[in-house]
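Work through the exercises below with the sequence and the structure at hand. Each task is followed by its solution.

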Amino acid sequence: MSQESSPLLIRIAEALERLAPPPAAEPSFAEARLYRFDPARDAFLGAPDYALALDLLVGVERQKARFFENLTRFANGLPCNHALLWGARGAGKSSMAKAAFMAAAADHASLRMVEIDRDEIAVLPHLFDRLRGRAERFVVLCDDLSFEEGAAAAKSLKSALEGGVGGPPENVLFVATSNRRHLMPRAHDEARGMIAVAEDAEEEVSVSDRFGLWIGFSTMDQAAYLEAVRSYAARFDLAVEELDRRALQWSQLRGARSGRVAWQFIRDLAGELGKPLPM
């Protein structure tokens, strides 16, 4: 290297350093217990505590007990499994995951929940790397997960759950909710060819096998729906005449009975009575 070229190479190196993005700042998880991950900014955005109490979720006692047991094992550093909550829409899958987390976090100060959008699932390996090795223990939640565009996102999820040669982070528990047991659409685009379609289906079905814990949620019957309505009404002191009749009329207008529909009825009732609700 000539002496004349040395200053030029130094200037080039300095220019490249200025163009390179700065390393991501070390995140702080002191301000909240719930966070949303923003991949565009590589940032963790704090969110308020989830206000719905776990005991308010009725008709899913078996599911609550099994999920909370697994979550408590994770919080205590014991062996546990990534969890897939699947089944009928509005059955309380997401609500149960968040309410159970809040109940566990009350006894385990190191617990944090990070929510990632299903459309950002491709960044999950990067997110796991950001959380790996920290003192906190993280429940990473992806709500309404499914794969609509072939196997690319499914491969990212498998990569994250398997963790490569280093294995998955010991301090991360992944929880997904889905209306589909195998996280895949009911039909694929056959124009791509039957072999490609079959390969995508196999890739996507194999993802659900990475979840050691599957918890199913069925459609609510009328008795469970009314039990949910009565439980909410009693908790929030919403006393009205013919509560059951009004709740059933509401469900008929919606064409469904579920925990979500029961909560929506209670929100409407509370608004009518001029009473605030926690969420």
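**Exercise 1. Find how many salt bridges there are, then place the pair Asp-144 and Arg-118.**

Solution. The count comes to 15 salt bridges in this predicted model. In one of them, Asp-144 pairs with Arg-118, with 3.4 Å between the closest N and O atoms. Asp-144 sits in the loop between β5 (137-142) and α5 (152-162), and Arg-118 in the loop between β4 (111-115) and α4 (124-131), so the pair links distant parts of the chain, 26 residues apart. Next, take accessibility: partly exposed covers the range between 20% and 50%. Asp-144 has 34% relative accessibility, so Asp-144 counts as partly exposed. Arg-118, at 33%, also counts as partly exposed.

**Exercise 2. Decide whether Arg-134 and Glu-136 are buried or exposed.**

Solution. The two form a salt bridge, the closest N and O atoms being 2.9 Å apart. Both residues are buried.

**Exercise 3. State which parts of the chain are tied together by Asp-237 and Lys-275.**

Solution. Their side chains meet in a salt bridge of 3.4 Å, N to O. Asp-237 belongs to the loop between α7 and α8 (243-254) and Lys-275 to the segment after α9, so parts 38 residues apart in sequence are tied together. Asp-237 is exposed, at 51% relative accessibility, while Lys-275 is partly exposed, at 32%.

**Exercise 4. Describe the crossing of α7 and α9.**

Solution. The axes of α7 (residues 222-235) and α9 (residues 259-273) come within 9 Å and cross at roughly 35 degrees. The crossing is right-handed. Residues in contact include Tyr-225 and Tyr-232 of α7 and Trp-263 and Phe-265 of α9. By type, the contact residues divide into 10 nonpolar, one polar and no charged.

Methods
Residues numbered from 1 in each chain as written. Predicted model: local features only at pLDDT ≥ 70, side-chain atom pairs only at ≥ 80, totals over all residues. Heavy atoms only, no water. Axes fitted to C-alpha atoms, helices over the stretch in contact; angles between N-to-C directions. Helix = DSSP H or I, 4+ residues; strand = E, 2+ residues; numbered from the N terminus. Left-handed = near helix turned anticlockwise from the far one by under 90°. Contact = heavy atoms within 4.5 Å. Nonpolar A, V, L, I, M, F, W, Y, C, P; charged D, E, K, R; others polar. Salt bridge = Lys/Arg side-chain N within 4 Å of Asp/Glu carboxyl O. Buried < 20%, exposed > 50% of the residue type's maximum accessible area, 1.4 Å probe, protein only.
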